[in-house]
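Visitor: I am new to this structure and should like to learn how its features are read. Please guide me through them.

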Amino acid sequence: MTHLDEEQLTLAYYGEVDAECMRHLEECGECRLRHERIKTALDNFPDFPVPERNDAYGREVWNRLLPQLAAKPRRSWLNWWTMTPVLASLIAIAFFAGMLAQRNRQIPGISAEARERVLLMAMSDHLERSEILLVELAHAVPGENELKMERALARSLVTENRLLRETARSAGDEPRAALLDDLERVLVAVANGPAGENPADLDALKARIQSNDLLFKVRVMSANTLQEGRKL
Amino acid sequence: MEWTDSAAAEQARQGDQRAFGVLVERHSRSVFRLAFRMTQNEQDAEDLVQETFLKAYKQLHRFDGRSAFGTWLYRIAANCSLDLIRARKNRRERQTTLTSETTDWLDRVAAPDPSPERLARSGQVASLLKPALAQLTELERTAFVLRHYEGRGIEEIAGVLGVQTNAAKHSVFRAVQKLRRALEPVAQVAP
């Protein structure tokens, strides 16, 4: 085996390399010496002091939390609130996207800022629901769920996604348009895909979601878009 | 009666708020510790503790007991913290200035009761660490905090960050490299 590189030596400190690497480290004096240097460095990294919380802290948190809890936790994630906003969003997006397409058109009482804010909030909402869908699919177990609700949601999101993608592109917002492009391919695959009982189909779907770190990108874009919308 | 975490979670899922209260009391401190390490700000950490438990309560139906309740909760806390860091980064980019929270944390890097020698060295470390931390991406910083300070496994970190295992490993490595370079003048941590 060739010598370990810096990354392997660093990860070995955390025990995140395979047995072969560890064996090499035991047998190779040169690598062991380099690893010792890294170990010393990491052992000497500055500490990270955390403010103390006493034994009563948990009770205090609970007392603050209690008034905010609903009577009973929600049992199913795919209920009315994930489905009904689609229609509201579609109406808002269609309306404001139309206005964006006719930039010169002035509508009394609605500023450009207000239009952009509505679009950004609709976009954030769309991405958040898409994220929920992707997370559920990523954790779906073959045979346990026919993915009926997921596919229904994906179908409704496809239309919304298309509208948002076109709006982003016509506004020159290429990063968002590109992400929505990627997202749309997955949404279409989910919407038109098989029932999800076949493990291979589900695995293919999961691989598609994982490709290009789609879930992560959606999560980041959703948070950023929400922030932008709130700033306006 | 002393509930186990999974029994309390199951009871809470049935609508028993007292059972959820047991879980809150049991895990609040560890959630706070993680949130503080992620955000480096005490008030943010307090807010994140609340947000984490609220989210956990709403998502209890998704806890299937395959992992420990603490691990599941930890993921929620890490994700909430990461969202906050991203939002803050976005805000910082707009303002193009360093946040006071970063400075606060750097000021706290030293041990609570340091010796004069350690104080001098910590001052050095803090001054060198500051530009290095500014260079870390949010992924690198999060991966490093979770791995180095929280002792979490790469698989779990990858799950929290929503990236592949190799990407998580690489983020930890890049963070270590950058921080070591930044601390080069302090001989013991030089690359």
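Guide: The following turns concern aromatic rings, charges over rings and one helix. This is a predicted model, in which local features need pLDDT of at least 70, side-chain atom pairs count only at pLDDT 80 or more, and totals for chains, interfaces and linings use all residues. Residues are numbered from 1 along each chain as its sequence is written, chains are lettered from A and ligands numbered from 1 in the order in which they are written, and side-chain values use heavy atoms, with hydrogens and water left out.

Visitor: How many aromatic pairs are found over all chains?

Guide: A pair of aromatic rings is described by the distance of the centres and the angle of the planes. Rings of Phe, Tyr and Trp (its six-membered ring) pair if their centres lie within 6.5 Å; planes under 30 degrees apart count as stacked, over 60 as edge-to-face and the rest as tilted. The whole structure holds 10 aromatic pairs over all chains. One joins A:Tyr57 and B:Phe32, edge-to-face because the centres are 5.8 Å apart and the planes at 65°. Both A:Tyr57 and B:Phe32 are buried (under 20% relative accessible area, with a 1.4 Å probe and protein chains only).

Visitor: Which residues do ring pairs link into a cluster?

Guide: The cluster consists of A:Trp62, B:Phe20, B:Phe53 and B:Tyr57.

Visitor: Which residue lies over the face of B:Phe32?

Guide: A charge sits over a ring if NZ of Lys or CZ of Arg is within 6 Å of the ring centre and within 35 degrees of the ring normal. A:Arg53 lies over the face of B:Phe32, 4.0 Å from the ring centre. B:Arg152 lies over the face of B:Tyr74, at 3.4 Å from the ring centre.

How values were computed:
Buried means under 20% relative accessible area, exposed over 50%, partly exposed in between (1.4 Å probe, protein chains only).
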